[in-house]
Amino acid sequence: MDLNEAITGRRAVREYTKEVVDEETIRRLIDAAVHAPSAVNQQPWTFAVVRDQSVLDRISRDAKSHILATMPANSHSDHFRSLLNDPNFHIFYHAPVLILISASAQGPWIVEDSALAAENLMLAAHAAGLGSCWIGFAQSFLNTSDGKNALGLPPAWVPVAPIIVGYPKAAPPPVPRNEPQIRWVG
Ligand SMILES: Cc1cc2nc3c(=O)[nH]c(=O)nc-3n(C[C@H](O)[C@H](O)[C@H](O)COP(=O)(O)O)c2cc1C
């Protein structure tokens, strides 16, 4: 797939078929992820591949409770609160796979490095006919000791990018972008 087509055509996918994503395909996505640049070439990323639906169900439940217990009052609160209180809302949308990118090293740029790896992974998924979506709702819970324990992550690791992957049920419509603000200097 042409790079520009991949960049403009990738969408956050929230409805998946039950089709299994095979191990070789998952490894190809991870290979794309590790080709991202990283500060001082530290490559701090690690990948947890979760295909066990009972684990994803449990994390979805716990992450919803965690957010509800810790969320500050703000303009998104009402919408989020009703979504998170809905027992039918699954934060991973029943996707067949979650790939969690966590940093195993310390350093000032581990989040940026992991996010760059995540974008490579999502673009590679789109090019392979897969859908993906970064699930920010999972992040705060996965960063607790209970969250890390749920996936057997060492306490010092920093979960950054929970990305669901699967075959899309349908192609989501384009999502409009704002006109970029550009300040030309010189
Ligand atoms: C850091 C981050 C966190 C996100 N968290 C969620 C989430 O928890 N649930 C969800 O459905 N989408 C989530 N998204 C997806 C965004 O809503 C989506 O990327 C945005 O609406 C633009 O749509 P597009 O990806 O199709 O261009 C997240 C995206 C990012 C980058």
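Asp 113 is buried, yet it has no salt bridge. The nearest side chain of opposite charge belongs to Lys 148, and that is 17 Å away. A salt bridge needs a side-chain nitrogen of Lys or Arg within 4 Å of a carboxyl oxygen, so Lys 148 does not provide one. The model is predicted.

**Around Asp 113**
- Asp 113 sits in helix α5, which covers residues 110-127.
- Setting aside neighbours within four places in sequence, Asp 113 is in contact with Pro 37, Ser 38 and Ala 39.
- Pro 44 and Trp 45 are also in contact with Asp 113.

**Fold**
- The chain has 7 helices and 4 strands.
- Along the sequence, these elements run α-α-β-α-α-β-α-β-α-α-β.
- The radius of gyration is 17 Å, close to the 16 Å that the globule rule gives for 186 residues, so the chain is as compact as a globular protein of that length.
- Along the principal axes, the C-alpha atoms fill a box of roughly 50 × 45 × 40 Å.

**Packing**
- Of the 186 residues in the chain, 40% count as buried.
- Take the contacts between residues at least 6 apart in sequence: 81% of them join residues at least 24 apart.

**Surface and charge**
- The chain exposes about 10,700 Å².
- Carbon and sulfur atoms supply 54% of that exposed area.
- The chain carries 15 positive and 18 negative charges.
- The mean positions of these two sets of charges are 4 Å apart.

Key. Residues numbered from 1 in each chain as written. Predicted model: local features only at pLDDT ≥ 70, side-chain atom pairs only at ≥ 80, totals over all residues. Heavy atoms only, no water. Helix = DSSP H or I, 4+ residues; strand = E, 2+ residues; numbered from the N terminus. Rg over C-alpha atoms; globule rule 2.2 N^0.38 Å. Buried < 20%, exposed > 50% of the residue type's maximum accessible area, 1.4 Å probe, protein only. Contact = heavy atoms within 4.5 Å. Areas by Shrake-Rupley, 256 points an atom, 1.4 Å probe, with all protein chains shown as cover. Lys, Arg positive; Asp, Glu negative; His and termini not counted. Charge placed at Lys NZ, Arg CZ, Asp CG, Glu CD.
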